[in-house]
Amino acid sequence: MKKALTIAGSDSSGGAGIQADLKTMTMNGVYAMSAITALTAQNTTGVSGIMEVTPEFLSLELDAVFTDIYPDAVKTGMVSSSELIHTIVNSLKKYHAKNIVVDPVMVATSGAKLISDDAIETLKKELLPIATVITPNIPEAEVLSGIKINNEEDMITAARIIYEKYGCNVLCKGGHQINDANDLLYRDGSYIWFKGKRINNNNTHGTGCTLSSAIASFLAREESLDEAVKHAKDYISKALEAQLDLGKGSGPLAHNYVLFEGE
Ligand SMILES: Nc1ncnc2c1ncn2[C@@H]1O[C@H](COP(=O)(O)OP(=O)(O)O)[C@@H](O)[C@H]1O
Ligand SMILES: Cc1ncc(COP(=O)(O)O)c(N)n1
């Protein structure tokens with residue numbers, strides 16, 4: 001069986017972060033492992049606390065995984081400080097990690113800031129250049145490219161700027177667009193659209209985490225990047241279409257949508 005690792009924060013409500021990643025990887029046929037960067041006290045309405053692990057402890061977690069069950073793909077999510085990003089980059093280089101999917105998590109769907117300003121600089125300088133693909137949403141792509149995104153032309157321009165500046169493939173996600181949910185993959189100097197109809201569902205807590213871990217799962221299973229993104233997009237669409245509705249705010253996705261019958 002292929003194996004995948006998520007390096008991310010824990011979400012006590014189970015909708016985003018490590019918990020979303022483990023569910024997604026399991027549902028998509030890979031063995032799932034985790035290295036936790038921080039605990040969050042969080043539910044569908046917001047984040048009430050964050051407790052980071054120390055860089056030393058994160059390094060031990062990564063050593064434990066890489067020296068025993070070597071992952072075929074790695075996904076990174078919430079990493080809030082520069083020190084933790086350094087630790088991750090050192091370990092990924094030391095163990096020659098492959099298929100690295102970086103979700104540059106900055107702000108939770110509920111509005112909480114999940115990364116410090118200096119960590120954004122470290123992310124750009126150190127983590128993006130070693131990524132196979134990065135998966136910014138529109139606000140994150142604006143921060144990374146330095147341009148305002150108002151339409152699909154702007155998504156292409158922003159993705160190209162990021163690709164040229166940091167040397168990584170870029171999937172600019174369209175979940176924050178007004179009309180459609182079209183995602184743009186800029187890879188190896190050209191681009192391709194992954195078109196999606198906007199599904200009428202406000203329960204989108206964890207959509208970004210889910211998409212990036214689904215891509216990591218399919219890369220672990222030796223799919224090409226284009227195939228992996230297509231299959232990940234199919235997965236997120238089905239999980240949204242199931243219309244699970246839990247909690248008082250923006251609720252989590254139905255990962256076990258095959259079993260879910262709308263109760
Ligand atoms: N209402 C929706 N209908 C269909 N797809 C959606 C919807 N909202 C988000 N998506 C998809 O979910 C994935 C995550 O996108 P997005 O919401 O932009 O990321 P993030 O959670 O990081 O803000 C993308 O593939 C996007 O197209
Ligand atoms: C621990 C953690 N990591 C990431 C997110 C972002 O979630 P989303 O996928 O909704 O942008 C989150 N809310 N909590």
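Two strands count as paired if DSSP finds at least two bridges between them. With that in hand, here are some exercises on this predicted model.

**Exercise 1. The sheet**

Work out the strand order of the sheet and find which strands stand at its edges.

*Solution.* Start with the order: nine strands form an open sheet that reads 3-2-1-4-5-6-7-8-9. Its pairing is mixed. Now look at the two ends. Strand 3 (46-52) and strand 9 each have a single partner strand, so one side of each has no neighbour in the sheet.

**Exercise 2. Strand 8 and its two partners**

Describe how strand 8 pairs on either side, and decide whether strand 8 is mostly covered or not.

*Solution.* Take the side of strand 7 (residues 169-172) to begin with. Strand 7 and strand 8 run antiparallel and are joined by three bridges. Here Cys172 faces Leu184 of strand 8 as its opposite residue.

Next, turn to strand 9 (residues 190-194). Strand 8 pairs with strand 9 over five bridges, again in the antiparallel sense. Two opposite positions help you to set the register: Asp183 stands across from Phe194, and Leu184 across from Trp193. Leu184 therefore appears in both pairings, opposite Cys172 in strand 7 and opposite Trp193 in strand 9.

Then follow the chain from strand 8 to strand 9. These strands form a hairpin with two residues between them, and Asp188 in the turn has a positive phi of about 50°.

Last, check the burial. Of the five residues in strand 8 (residues 183-187), four are buried, so the strand is mostly covered by the cut-off of 20 or more other C-beta atoms within 10 Å.

**Exercise 3. A loop residue**

Locate Ile178 and say whether Ile178 is buried or exposed.

*Solution.* Ile178 sits in the loop that links strand 7 and strand 8. Count the other C-beta atoms within 10 Å: there are 8. Exposed residues have 12 or fewer, so Ile178 is exposed. For a distance to try in your viewer, go from Ile178 to Leu240, 62 residues apart along the chain: their C-alpha atoms are separated by 17 Å.

**Exercise 4. Two ligand shells**

Compile the surroundings of ligand 1 and of ligand 2.

*Solution.* Begin with ligand 1. The shell holds 19 residues, the closest being Asn137, Lys173, Gly175, Ala181 and Gly208. Helix 7 (207-220) and helix 8 (225-241) are the elements that give two or more residues to this shell. Helix 8 gives the most, with four residues. Sorted by character, the shell has five nonpolar, ten polar and four charged residues.

Now repeat the steps for ligand 2. Around ligand 2 there are 17 residues, with Gly9, Ala16, Gly17, Ala108 and Gly208 the closest. Two or more residues come from each of strand 1 (3-11), strand 2 (31-43) and helix 7. The division here is six nonpolar, ten polar and one charged. Gly208 is named among the closest residues for both ligands.

**Exercise 5. Two helix packings**

Classify the packing of helix 3 with helix 4, and of helix 1 with helix 7.

*Solution.* For helix 3 (residues 82-94) and helix 4 (residues 117-127), the angle is about 15° and the axes lie 8 Å apart. Helix 3 is therefore roughly parallel to helix 4. Their crossing is right-handed.

For helix 1 (residues 17-27) and helix 7, the axes are 8 Å apart, at an angle of about 40°. That makes this pair oblique. The crossing of helix 1 and helix 7 is right-handed.

Technical notes
Residues numbered from 1 in each chain as written. Chains lettered and ligands numbered in written order. Predicted model: local features only at pLDDT ≥ 70, side-chain atom pairs only at ≥ 80, totals over all residues. Near = placed C-beta within 6 Å. Nonpolar A, V, L, I, M, F, W, Y, C, P; charged D, E, K, R; others polar. Axes fitted to C-alpha atoms, helices over the stretch in contact; angles between N-to-C directions. Parallel < 35°, antiparallel > 145°, perpendicular 65-115°, else oblique. Left-handed = near helix turned anticlockwise from the far one by under 90°.
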